[in-house]
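Let's take a walk through a protein fold together, one piece at a time. Keep the picture open while you read, and find each piece as it comes up.

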Amino acid sequence: MSADEFEGLPGAAVSLLKGGVGKSTIALNIADRLAARGHETVLLDLDKDGHMTTQLGYDDAYDRDANLGDALIDGGDPEDLLIETDFGVHLLPSSNELENVETRLKDERFADVKLRRNVVDPLIQNGYDYVIIDAAGGRGKLSDNALIAVQRVIIPLIPRAGSINGLNKMIERQISPIRQNIGLDILAVTPNMIRETMGQRNEHRTLVENLNREFGSFVPEYARVDPEVFDALDDSGRTIDSIPKPGIRERTAISRAFKQGMPVSEFDEDCDQIPNFDHLADLVEEHSHA
């Protein structure tokens with residue numbers, strides 16, 4: 001692979017080398033916001049457990065014979081696998097065969113570009129505007145394929161011990177090696193499931209503060225806090241006008257919508273976090289056509 005040979009295809013992967021951080025929820029809601037703007041958007045579930053696929057109510061698709069491996073390895077038409085959801089997003093479902101697909105990829109030539117060449121590129125060539133990938137939770141051929149296919153990644157982190165360490169490991173073990181061969185943009189590192197304000201020292205503040213101090217250029221606008229604000233919060237002699245509430249906030253509407261198989265805009269169009277998903281969709285649009 002060479003940097004000259006590859007340019008990112010329109011879209012982004014939502015990825016972190018661990019589960020339980022809200023990747024599927026964020027991928028679903030970004031895809032929804034792009035579709036709401038009139039874009040033909042494919043939501044690709046690359047998680048071997050098929051969390052997104054089953055949560056959206058397509059258990060039959062997860063277990064069907066025709067699956068992503070037919071396109072990814074055998075060259076079948078990926079458009080034949082798409083499902084039109086009720087909210088305007090085209091779902092390319094996960095499969096119970098993805099574990100075997102990952103094993104087969106280890107023996108394939110040019111294995112890391114299979115998803116790009118055999119799935120994402122044909123979909124874009126056939127008129128779809130964006131592909132949003134819910135990447136696998138651990139390091140492997142499928143996870144690498146997700147990043148190489150679109151060359152843009154959005155990384156969610158939740159307020160839990162080790163989150164920043166997990167980000168550093170992903171950059172060291174996966175992103176940096178890929179960047180040695182092709183371009184790969186980190187569109188955003190977004191705090192997710194934030195409950196608390198920044199007024200007290202706890203895991204919520206630690207995550208947001210460390211991200212802003214150490215990775216400020218990757219923090220989306222809705223999560224940015226001037227480090228001076230944190231200094232002021234710890235200085236009893238200083239006051240600030242308001243205590244910030246950054247990041248994607250934990251909202252019952254978001255979790256209930258996902259449990260019912262829909263983006264939050266379909267469940268509660270007034271949810272105050274929809275503008276944050278719109279901002280992530282803005283980043284996908286801007287960087288896909290820079």
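**Helices, a sheet and how they meet**

Start with helix α8, which lies across strands β6 and β7 and runs at about 165 degrees to β6. Before going further, keep in mind that you're looking at a predicted model.

Now look at the sheet itself. It's an open sheet of 7 strands, and their order is β3-β4-β2-β5-β1-β6-β7, with mixed pairing. What stands at the edges? Those places go to β3 (83–84) and β7 (185–191), and each has a single partner strand, so one side of each is left without a neighbour in the sheet. If you're wondering what holds such an arrangement together, strands of a sheet pair through backbone hydrogen bonds, either parallel or antiparallel.

Let's zoom in on β2, residues 41–45. On one side, β2 pairs with β5 (residues 130–134) in the parallel sense, over 5 bridges. You can pick out V42 standing opposite V131 of β5, and D45 has D134 of β5 as its bridge partner. β2 also has a link to β4 (residues 90–92): the two run parallel and are joined by 3 bridges. Here, look for L43 opposite L91 in β4.

Is β2 mostly covered or mostly open? Count through the strand and you'll find that 5 of its 5 residues are buried, so mostly covered is the right description. The side chains take turns, too: T41, L43 and D45 point one way from β2, while V42 and L44 point the other way, and all of them are buried.

Next, find the strand β5 again and look for the helix that goes with it. β2 and β5 pair over those 5 bridges, and helix α1 (residues 23–36) packs on the sheet, touching β1 (11–14), β2, β5, β6 (152–157) and β7. The direction of α1 makes about 165 degrees with that of β5.

Back to α8, which has helix neighbours as well. One of them is α7: the axes of α7 (residues 141–150) and α8 (residues 163–179) come within 10 Å and cross at roughly 50 degrees. That angle is neither under 35 degrees nor between 65 and 115, nor over 145, and α7 and α8 are therefore oblique to each other. α7 passes α8 in a right-handed crossing. Which residues meet there? From α7 come S143, D144, L147 and I148, and from α8 come M170, Q174, I175 and I178. Sorted by type, the residues of this contact are 5 nonpolar, 2 polar and 1 charged.

The other is α9 (residues 203–214), which packs against α8 at an angle of about 40 degrees, with the axes 10 Å apart. α8 and α9 are therefore oblique to each other. This contact is made by S163, I164 and L167 of α8 together with L207, N210, L211 and E214 of α9. Its residues divide into 4 nonpolar, 2 polar and 1 charged.

Before you leave α9, find E209, which lies in this helix. Is E209 buried or exposed? Its relative accessibility is 6%, so E209 counts as buried. Setting aside its neighbours within four places in sequence, E209 is in contact with R201 and F230.

Terms used:
Residues numbered from 1 in each chain as written. Predicted model: local features only at pLDDT ≥ 70, side-chain atom pairs only at ≥ 80, totals over all residues. Heavy atoms only, no water. Axes fitted to C-alpha atoms, helices over the stretch in contact; angles between N-to-C directions. Helix = DSSP H or I, 4+ residues; strand = E, 2+ residues; numbered from the N terminus. Left-handed = near helix turned anticlockwise from the far one by under 90°. Contact = heavy atoms within 4.5 Å. Nonpolar A, V, L, I, M, F, W, Y, C, P; charged D, E, K, R; others polar. Pairing = 2+ DSSP bridges. Buried < 20%, exposed > 50% of the residue type's maximum accessible area, 1.4 Å probe, protein only.
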